[in-house]
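Work through the exercises below with the model open beside the text, trying each task before reading its solution.

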Amino acid sequence: MNHSSEKKFIFNTVERNGAAIATLCDNIFYFAELGMQEFETSGLMMELLEKAGFSIERNLSGMPTGFVATYGSGKPVLALHTEYDATPGCSQQAGVTEPTPIIDGAPGHTEGHNVNAAVMIGAAIAIKQAMDRFGLKGTLKVFGAPGEEQLVSRPYFVRDGHFKDVDVALHDHIGTGFGTVYGLRQYALISAEFTFKGQSAHAATAPWNARDALDAVVLMDIGWDKLREHLEPTQRSHRVITNGGDQPNVIPNKAAIWWFFREATAEKTRALFDKAKRIAEGAAIMTDTSYSVNVLSAVWPTRANRTLAEVIQANVEQIGMPRWGEGEQKLVCELQAKINKKAVGMPTQIMPLKECVQSVSANDSGEVSWVVPTGLITFPSNIPGVSYHHWSAGVSLATTIAHKGAVAGAKAMAASALDLFMDARLVAQAKETFKAEIGDTEYRPLLPPDQKPPLQLNRDLMERHRPAMRAHYLKDKPVFS
Ligand SMILES: [Zn+2]
């Protein structure tokens with residue numbers, strides 16, 4: 001893997017575009033678009049890729065904010081993919097260590113997916129330039145994956161065959177450290193909304209004429225809580241009531257509850273979901289209502305391939321940790337103290353390569369990792385100690401801390417792709433170790449085969465806030481060279 005002059009070229013290309021990567025990171029930070037509503041974000045990403053010479057397929061799997069951009073032809077086919085959605089109610093000023101919304105109640109980036117997107121675009125443009133410069137054979141595919149916070153897009157992409165000809169994939173996600181892992185990393189998840197239908201009536205004068213759909217929702221909730229004691233402690237399940245009726249004097253003829261079911265394996269998650277359907281059936285019988293269930297998405301656990309992890313790690317070691325300035329470390333320590341964490345600052349050492357411990361969170365990138373050997377790049381753009389989906393996790397995301405971490409991440413992603421394009425044996429080896437890692441686990445998607453993606457997700461919320469948010473969009477657009 002000692003492709004020294006090619007590596008030098010790719011590192012220089014990323015560095016030269018450091019300002020463009022930073023501007024893109026900040027553009028998306030201020031767009032702060034929720035899942036499935038990332039129109040400004042995906043629009044800008046597609047514009048940049050198109051300008052760089054990629055051909056764009058829009059509306060991937062019928063999702064207006066999903067896309068794949070392609071450059072080159074033939075084998076190997078290498079995919080980059082990442083997410084770019086924000087979180088609701090989390091608006092936060094960058095660089096301010098107090099809870100300070102840009103717009104009160106509006107969405108904000110508090111997970112760092114704005115930086116994920118900037119890293120991927122920065123890497124894609126550098127890889128394309130290296131392909132041209134060194135006459136590398138193969139195809140680069142860049143996937144824009146909407147709605148990660150609701151685990152939406154990639155199970156649909158995989159189901160619809162968009163990863164069928166892909167040989168290896170790289171996914172990037174923000175973290176506080178710089179490095180990679182291998183092994184089973186996160187949980188499987190089924191996201192499903194149960195809707196009960198009954199009959200309305202005047203709640204005071206004729207309640208005996210009603211069949212109360214909200215009662216069914218409440219009974220399903222209680223039923224699941226009773227069951228919880230008898231489920232394995234590995235499970236996680238949580239819900240919100242998305243429709244509880246309109247007003248107390250009308251008994252609701254329609255009510256709905258939205259659940260996330262999580263387990264360590266896909267099959268265990270499927271079993272949880274089957275139990276939930278039986279409880280819903282019971283609640284419907286008790287209330288003389290009927291129910292239907294809509295699966296919004298369903299994903300397998302994320303896993304990372306060891307061969308690709310070794311490729312990434314070698315590059316991370318060569319790149320090294322960004323050098324943090326005094327002002328940056330001061331901001332970090334100030335925030336850490338503010339949220340009652342040890343004021344340790346930003347890490348200064350890269351992470352050693354290791355097998356991961358499976359966490360209870362999920363990412364829909366997991367679906368890809370069971371059909372294509374997948375490498376995961378974690379880059380240091382967030383602050384140790386912050387908790388995601390909290391104002392503190394938004395503080396660094398449009399500052400030089402995020403920008404430096406993004407340049408490091410883009411270098412690692414681009415250099416790893418370069419290694420794979422230049423050495424066919426690495427791709428073959430990744431496929432071999434992938435086969436061994438999967439073993440006899442049979443990939444059976446959790447997503448129903450005829451399921452349609454939830455395009456309306458977050459639409460009302462985003463439309464409510466977007467007009468005020470527009471005033472904060474950056475005037476500058478990134479210019480890559
Ligand atoms: Zn995330």
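Two strands are said to pair if DSSP finds at least two bridges between them. The structure used throughout is a predicted model.

**Exercise 1. Two small steps into the three-stranded sheet**

Task: Find which residue of strand 11 is the bridge partner of Leu-184, and then place strand 11 in the order of its sheet.

Solution: Begin with strand 6, which covers residues 181-184 and pairs with strand 11 in the antiparallel sense over two bridges. Within strand 11, the partner that stands across the bridge from Leu-184 is Arg-303. Next, widen the view to the whole sheet, which is open, has three strands in the order 11-6-12, and shows mixed pairing. Its edges are formed by strand 11 (303-304) and strand 12 (354-355), each of which pairs on one side only.

**Exercise 2. The division of the chain**

Task: State into which domains the chain is divided, and describe how many residues of each are in contact with the other.

Solution: The division gives domain 1, made of 4-185 together with 301-470, and domain 2, made of 188-299. Taken over C-alpha atoms, the centres of domain 1 and domain 2 are separated by 34 Å. Across the boundary, 16 residues of domain 1 are in contact with 16 residues of domain 2. On the side of domain 1 that touches domain 2, ten residues are nonpolar, four are polar and two are charged.

**Exercise 3. The four-stranded sheet and the helices on it**

Task: Give the strand order of the open sheet of four strands, and determine which strands helix 6 touches when it packs on this sheet.

Solution: The order is 8-9-7-10, and the pairing is antiparallel. Strand 8 (236-243) and strand 10 (290-299) are the edge strands, since each pairs on one side only. Direction ignored, neighbouring strands of this sheet are turned by 20° against each other on average. Strand 8 runs antiparallel to strand 9 (residues 254-263), and seven bridges join the two; in strand 9, Trp-258 stands opposite Val-240. Helix 6 packs on the sheet and touches strand 7 (188-197), strand 8, strand 9 and strand 10, with a direction that makes about 20° with that of strand 9. Helix 7 also packs on the sheet, touching strand 7, strand 8, strand 9 and strand 10, but its direction makes about 155° with that of strand 9.

**Exercise 4. Helix 6 against helix 7**

Task: Decide how helix 6 and helix 7 are oriented to each other, and identify the residue classes in their contact.

Solution: Two packed helices are described by the angle between their axes and the distance between the axes. For helix 6 (residues 213-228) and helix 7 (residues 266-287), the angle is about 135° and the axes are 8 Å apart. Angles over 145 degrees count as roughly antiparallel and those from 65 to 115 as roughly perpendicular, and helix 6 and helix 7 are therefore oblique to each other. The crossing in which helix 6 passes helix 7 is right-handed. Among the residues that make the contact are Leu-219, Met-220 and Trp-224 of helix 6, along with Ile-279, Ala-280 and Met-286 of helix 7. Sorted by class, this contact of helix 6 with helix 7 has eleven nonpolar, three polar and two charged residues.

**Exercise 5. Helix 4 against helix 10**

Task: Establish the angle at which helix 4 and helix 10 pack, and say how many charged residues their contact has.

Solution: Helix 4 (residues 113-134) and helix 10 (residues 400-422) pack at an angle of about 40°, and their axes are 8 Å apart. Because angles under 35 degrees count as roughly parallel, this value makes helix 4 oblique to helix 10. Their crossing is right-handed. The contact includes Val-119, Ala-123 and Ile-127 of helix 4, and Gly-409, Met-413 and Phe-421 of helix 10. In the contact of helix 4 with helix 10, 17 residues are nonpolar, three are polar and none is charged.

**Exercise 6. Two loops**

Task: Locate the loop that holds Pro-76 and the loop that holds Met-36.

Solution: Pro-76 is in the loop between strand 2 (67-73) and strand 3 (77-82), and a cis peptide bond with omega of about -5° joins Lys-75 and Pro-76. Met-36 lies in the loop between helix 2 (18-31) and helix 3 (39-51); the phi of Met-36 is near 75°, which is a positive value in a residue other than glycine.

Technical notes:
Residues are numbered from 1 along each chain as its sequence is written. This is a predicted model: local features need pLDDT of at least 70, side-chain atom pairs count only at pLDDT 80 or more; totals for chains, interfaces and linings use all residues. Domain bounds come from an automatic or database domain assignment. Two residues are in contact if their C-beta atoms, placed from the backbone, lie within 7 Å. Ala, Val, Leu, Ile, Met, Phe, Trp, Tyr, Cys and Pro count as nonpolar, Asp, Glu, Lys and Arg as charged, and the others, Gly among them, as polar. Axes are lines fitted to C-alpha atoms, for helices over the stretch in contact, and angles run from 0 to 180 degrees between N-to-C directions. A crossing is left-handed if the near helix is turned anticlockwise from the far one by less than a right angle, and right-handed if clockwise.
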